[in-house]
Amino acid sequence: MTITPHDPGTYLVTSETVDGDSYMVDMGDPERPDGACSCTDYTMRIEPLIARGQVPVRTRCKHLRAVAKWIELACQRKKIVDTVTSFCHVQRVR
Ligand SMILES: [Zn+2]
């Protein structure tokens with residue numbers, strides 16, 4: 001799984017299972033503090049529950065968990081690009 005920062009707050013994550021496939025992870029949506037992902041796990045299982053106002057058991061697919069960990073490590077090491085800096089800031093404020 002490779003994580004590449006894309007637009008501010010968004011990350012491109014390559015698929016482990018399907019060669020050449022990648023998913024867009026959006027950590028910048030204030031309405032979704034746990035982030036959103038374009039994979040089927042998120043869009044078919046997690047997103048519909050959130051859309052109905054329910055609280056899913058898991059709010060993050062494996063891509064979201066990977067990106068959250070990546071950001072956490074980047075913040076700790078301070079080897080961070082501007083978009084991630086602002087995310088660290090957002091995390092601290094919350
Ligand atoms: Zn995903």
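Reader: What percentage of the 94 residues of the chain count as buried?

Author: Good place to start! This is a predicted model. A residue counts as buried if 20 or more other C-beta atoms lie within 10 Å of its own. Of the 94 residues in the chain, the share that counts as buried is 19%.

Reader: In what pattern do the helices and strands follow each other along the sequence?

Author: Happily, there are few elements to keep track of here. The chain has three helices and four strands. Reading along the sequence, you meet them in the pattern β-β-β-β-α-α-α.

Reader: Is P5 buried, exposed or partly exposed?

Author: Let's locate P5 before judging it. P5 belongs to strand β1, which covers residues 3-5. Buried residues need 20 or more other C-beta atoms within 10 Å, and exposed ones have 12 or fewer. P5 has 19 such atoms within 10 Å, so P5 is partly exposed.

Reader: How far apart are the C-alpha atoms of P5 and V67?

Author: Along the chain, P5 and V67 are 62 residues apart. In space, their C-alpha atoms are separated by 9.5 Å.

Reader: How far apart are the end C-alpha atoms of helix α1?

Author: We can work out what to expect from the twelve residues of helix α1, residues 40-51. At 1.5 Å a residue, they should span 16 Å. The model agrees with this, as the end C-alpha atoms are 15 Å apart.

Reader: Which element has the lowest mean pLDDT?

Author: Across the chain, pLDDT averages 83, and 82% of the residues score at least 70. Among the elements, strand β4 (residues 36-37) has the highest mean, 96. The lowest mean, 56, belongs to helix α3.

Notes
Residues are numbered from 1 along each chain as its sequence is written. This is a predicted model: local features need pLDDT of at least 70, side-chain atom pairs count only at pLDDT 80 or more; totals for chains, interfaces and linings use all residues. Helices (H or I, at least four residues) and strands (E, at least two) are DSSP runs, numbered from the N terminus. pLDDT is the predictor's confidence in each residue, from 0 to 100. The expected span of a helix is 1.5 Å times one less than its number of residues.
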